[in-house]
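Student: I've got a new model open and I'd like to talk it through. Can we go over it together, one question at a time?

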Amino acid sequence: MSATGTAYGIDVLAFGPHPDDVELFCGGLLASMATRGYRTGIVDLTRGEKSSRGTLQSRAEETEAATRALGLAHRENLELPDGWLNPWAGFDTPEPERARTAAVARVVEALRRLRPELVVVPWEQERHPDHEAASALVTRALFFAGVRKFDAEPAAEPFTPRQVLYYPMRHLAEPSVIVDVSAVYERKLAAVHCYASQVMPRPDAPPTLVGSPLSVSSLEARDRFHGAQIGVTHGEPYILREALGLADPLDHFRRNSFAKPLFFPSRT
């Protein structure tokens with residue numbers, strides 16, 4: 001229990017629009033936190049049933065393998081409709097059916113049940129419409145999870161996490177913080193490669209962006225780029241939507257000391 005009296009459950013919980021999104025873009029954070037002894041988890045919003053590659057069974061098997069690779073303590077799938085993620089879904093339904101049909105209520109229920117201390121959410125600007133919708137959906141649910149009169153089934157106490165981090169995917173966003181994932185990068189890549197149906201180039205499969213020959217290498221280049229910004233080999237970028245408070249700046253920087261960046265990005 002925190003100093004404010006909030007009883008937390010799982011330590012770190014990441015939300016992904018589809019199975020493999022979290023592994024690709026914040027798998028390093030989850031692997032790093034797991035090796036430090038924290039309980040980590042993923043909530044996949046959809047099963048990725050609209051994917052051009054693989055089947056529901058093969059994707060479920062890949063997800064199970066990636067879960068083991070990251071050392072997750074918890075994983076679940078809300079089975080919302082792939083291609084139709086919508087933070088307003090179900091709100092045209094009268095009560096009490098609304099709590100069962102509204103997508104936001106499903107996410108609220110997961111947040112109140114799992115009570116994560118740190119929540120990781122897709123950034124709001126993305127290439128894929130479901131990725132942007134997932135950001136809006138979880139952001140909305142994070143607010144209503146703390147509203148006592150917001151109904152979700154089964155009923156649970158209101159809950160607000162300690163902090164929320166947003167992870168950019170294909171969109172190049174200015175990070176608020178960069179997490180050093182150098183020590184666990186091989187574990188991240190192992191989790192990514194569990195999704196062979198999605199990320200491996202195959203001449204007999206439909207061409208996709210994530211399955212293109214340069215997909216994984218471009219991901220590595222992205223993480224090396226952000227790592228270089230803090231003087232390490234690999235880093236993952238995250239965004240805070242509010243100001244970060246520090247009670248003791250000197251203590252913070254002593255405990256989070258990094259080498260000088262290898263280069264400084266343009267600020268023009």
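**The ring cluster**

Tutor: Let's start with F150: this is a predicted model, and in it F150 has a relative accessible area of 13%. Buried means under 20%, so F150 counts as buried.

Student: Which residues do ring pairs link into a cluster with F150?

Tutor: Take the pairs one by one. F143 and F144 sit edge-to-face, 5.2 Å centre to centre with 90 degrees between the planes. F144 also pairs with F150, this time stacked, at 4.9 Å centre to centre and 25 degrees between the planes. So F150 is linked by ring pairs with F143 and F144.

Student: Is F143 buried or exposed?

Tutor: Its cluster partner F144 has a relative accessible area of 21%, so F144 is partly exposed. For F143 the relative accessible area is 58%. The cut-off for exposed is over 50%, so F143 is exposed.

Student: How many aromatic pairs does the whole structure have?

Tutor: The two pairs just described, F143 with F144 and F144 with F150, are among them. A search of the whole structure gives a total of four.

**The sheet**

Student: Stepping back, how many helices and strands are in the protein chain?

Tutor: The chain has 268 residues, and 48% of them count as buried. Its secondary structure comes to nine helices and seven strands.

Student: Which strands stand at the edges of the open sheet?

Tutor: The sheet has five strands in the order 3-2-1-4-5, with parallel pairing. An edge strand has a single partner, so one side of it is left without a neighbour in the sheet. That description fits strand 3 (74-77) and strand 5 (163-167).

Student: What does the twist average from one strand to the next?

Tutor: We're still in the open sheet with the order 3-2-1-4-5. From one strand to the next, the twist averages 15 degrees.

Student: Which residue stands opposite V43 in strand 3?

Tutor: Strand 2 (residues 40-44) pairs with strand 3 in the parallel sense, over four bridges. Across that pairing, V43 stands opposite E76.

Student: And which residue of strand 5 stands opposite P122?

Tutor: Here strand 4 and strand 5 pair in the parallel sense over five bridges. Strand 5 is mostly covered, with four of its five residues buried. The residue opposite P122 is Y167.

Student: At about what angle does helix 4 run to strand 3?

Tutor: Helix 4 (residues 103-114) lies across strand 1 (12-16), strand 2, strand 3 and strand 4 (118-122). Relative to strand 3, helix 4 runs at about 165 degrees.

**The core**

Student: Which element supplies the largest share of the largest nonpolar core?

Tutor: That core has 32 residues, and F15, L45, V107, L111 and L137 touch the most other members. Strand 1, helix 4, strand 4, helix 5 (129-144) and strand 5 each supply at least two residues. The largest share, seven residues, comes from helix 4.

Student: Which residues does F15 touch, beyond those up to four places away in sequence?

Tutor: F15 is one of the core residues that touch the most other members. Leaving out residues up to four places away in sequence, F15 touches V22, V43, L45, V107, L111, V119, V120, P122, V138 and Y167.

**Loops**

Student: Is V232 buried or exposed?

Tutor: V232 lies in the loop between helix 8 (215-229) and strand 7 (235-238). Neighbours within four places aside, V232 is in contact with D180, S182, G227 and F258. Its relative accessibility is 15%, so V232 counts as buried.

Student: What is the phi of E79?

Tutor: Most residues other than glycine have a negative phi. E79 lies in the loop between strand 3 and helix 3 (97-101), and at 54% relative accessibility it counts as exposed. Although E79 is not a glycine, its phi is positive, at about 55 degrees.

Student: Is R115 buried or exposed?

Tutor: R115 is found in the loop between helix 4 and strand 4. R115 also has a positive phi, near 50 degrees, in a residue other than glycine. With a relative accessibility of 19%, R115 counts as buried.

Definitions and conventions: Residues numbered from 1 in each chain as written. Predicted model: local features only at pLDDT ≥ 70, side-chain atom pairs only at ≥ 80, totals over all residues. Heavy atoms only, no water. Buried < 20%, exposed > 50% of the residue type's maximum accessible area, 1.4 Å probe, protein only. Contact = heavy atoms within 4.5 Å. Pairing = 2+ DSSP bridges. Axes fitted to C-alpha atoms, helices over the stretch in contact; angles between N-to-C directions. Core = buried A, V, L, I, M, F, W, Y, C linked by side-chain atoms within 4.5 Å. Phe/Tyr/Trp six-rings, centres within 6.5 Å; stacked < 30°, edge-to-face > 60°.
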